[in-house]
Amino acid sequence: MSTTSIATLRRALLGGLCLAACAAALPARAQTAPTVTIGVQSMFGPWKTAIADKEFEKATGWKINWRKFDSGGDVVTAMASGDVQIGVAGSSPVAAAVSRGVPIQVFWILDNINDAEALVVRNGSGIQKPQDLVGKKLAVPFVSTTHFHTLFALEHYGIAGKVSVINLQPSDIPAAWARGDIDAAFVWDPALGKIKQTGKVLLTSGDLTKLGKATFDALVVNKEFAAKNKAAMQAFTQVLQNSTASYVNNPNAWTAQSDMVRKVAQQSGAQPAEVPAVLALYQFPLAAEQAGNAWLGGGKASGAAKALEATAAFLREQKKVPAVLPDYSIAVDPSFVQAVK
């Protein structure tokens, strides 16, 4: 072999070794770019600005399939089948799913619902107080926080079994309302805002929370997925913190004309003018608050675990779940909020 050929071969070998070494030095996520499916709903929240800006993809390196669902019940069903790894669900569907053995954990509290969910009655329906719902048709998405609060309200006011409770998804409620098929509905925005135009609020989730049945919306994750993707999950949680803090620290900047509100509206299928007033109905806890006993910290004594247990106990009384677990802290993971910077 000639000197030139040997030199050429040496360069080729060295170049190949260099490429191999460089490839090995690249982060694993850059080489694999796993596809992760995340179930979302239509409710408003500051974190949706980060979805619009693809901040979650940038932070995690994931290719994210943002899959839209009508309710938390649908989300946890998809998670139980393995189709969805992370999802948005209220405390009621989470409690129901965990009670049935679905391996999911709450890792971020999206909001304390307060008055953002409401039972609205049609103008002219003659319904002035809860007892007037007797014999009426009330629409609610089954296995949702509003379904839980509906069942509790009917029991509390002594009218359980006397109201026709119909299962309708939020996207179907405005049309049923317009046709006159229903007399009342317990739902969240943007559907809530539409039916309020020709109805009045009879009760809110905040009213029922004061009676001892608190509800919240959360992000939940498949346990095995979280264990295998700790670094990316931490990065994901940091984006949640940053986007939520943007609103909490300066809510007045979130006007209908702002870029942030426009993005939330676009992600939720609403008009920007609807968003600011609805955001004001929620309370959005940041990581430091969530890490404490009021929400995710404290094991069995955590606020989230106790709320899930109380919800499951009520659902068991209503024969909606087979049993109540001895400890719902198995469905709460505070580690990611505790590590937020």
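Analyst: Helices (H or I, at least four residues) and strands (E, at least two) here are DSSP runs, numbered from the N terminus. On that basis Asn 114 sits in the loop between β4 (104–112) and β5 (117–122). This is a predicted model, in which local features need pLDDT of at least 70 and side-chain atom pairs count only at pLDDT 80 or more, while totals for chains, interfaces and linings use all residues. Residues are numbered from 1 along each chain as its sequence is written, and side-chain values use heavy atoms, leaving out hydrogens and water.

User: Why is Asn 114 called partly exposed?

Analyst: Buried means under 20% relative accessible area and exposed means over 50%, with partly exposed in between (1.4 Å probe, protein chains only). Asn 114 has 27% relative accessibility, so it's partly exposed. Its phi is near 50°, a positive value in a residue other than glycine.

User: What makes Val 143 partly exposed?

Analyst: Val 143 has a relative accessible area of 37%, which lies between the two cut-offs, so partly exposed it is. Val 143 is in the loop between β6 (137–140) and α7 (145–156), and its phi, near 55°, is positive too.

User: Why is Gln 85 called buried?

Analyst: Gln 85 comes in at 16%, which is under 20%, so it counts as buried. You'll find Gln 85 in the loop between α5 (72–81) and β3 (86–90). Leaving aside residues up to four places away in sequence, Gln 85 touches residues including Val 36, Met 79, Asn 222 and Phe 225; contact means heavy atoms within 4.5 Å.

User: What makes the approach of the Gln 85 side chain to Thr 37 a polar contact?

Analyst: A polar contact is a pair of N or O atoms within 3.5 Å; within protein, one must be able to donate a hydrogen and the other to accept it, and residues adjacent in sequence count only if both atoms are side-chain atoms. The Gln 85 side chain reaches the backbone nitrogen of Thr 37 at 2.7 Å, so the distance fits.

User: How do you know that Ala 305 is buried?

Analyst: Ala 305 has a relative accessible area of 1%, and the limit is under 20%, so buried is the word. Ala 305 lies in helix α16 (residues 303–317) and touches, among others, Tyr 328, Ser 329 and Val 332.

User: What makes a set of residues a nonpolar core, and how many residues has the largest?

Analyst: A nonpolar core is a set of buried Ala, Val, Leu, Ile, Met, Phe, Trp, Tyr and Cys residues joined through side-chain atoms within 4.5 Å. The largest has 85 residues, with Trp 47, Phe 56, Phe 107 and Leu 219 making the most contacts inside it. This core draws at least three residues from each of domain 1 (35–112 + 216–339) and domain 2 (117–211); those bounds come from an automatic or database domain assignment. A second, separate core of 22 residues includes Ile 159 and Phe 314.

User: What area is buried between domain 1 and domain 2?

Analyst: Buried area is the accessible area (1.4 Å probe) that two parts lose on being put together, summed over both. Between domain 1 and domain 2 it's about 1600 Å², with carbon and sulfur atoms giving 61%. There, 26 residues of domain 1 are in contact with 15 residues of domain 2.
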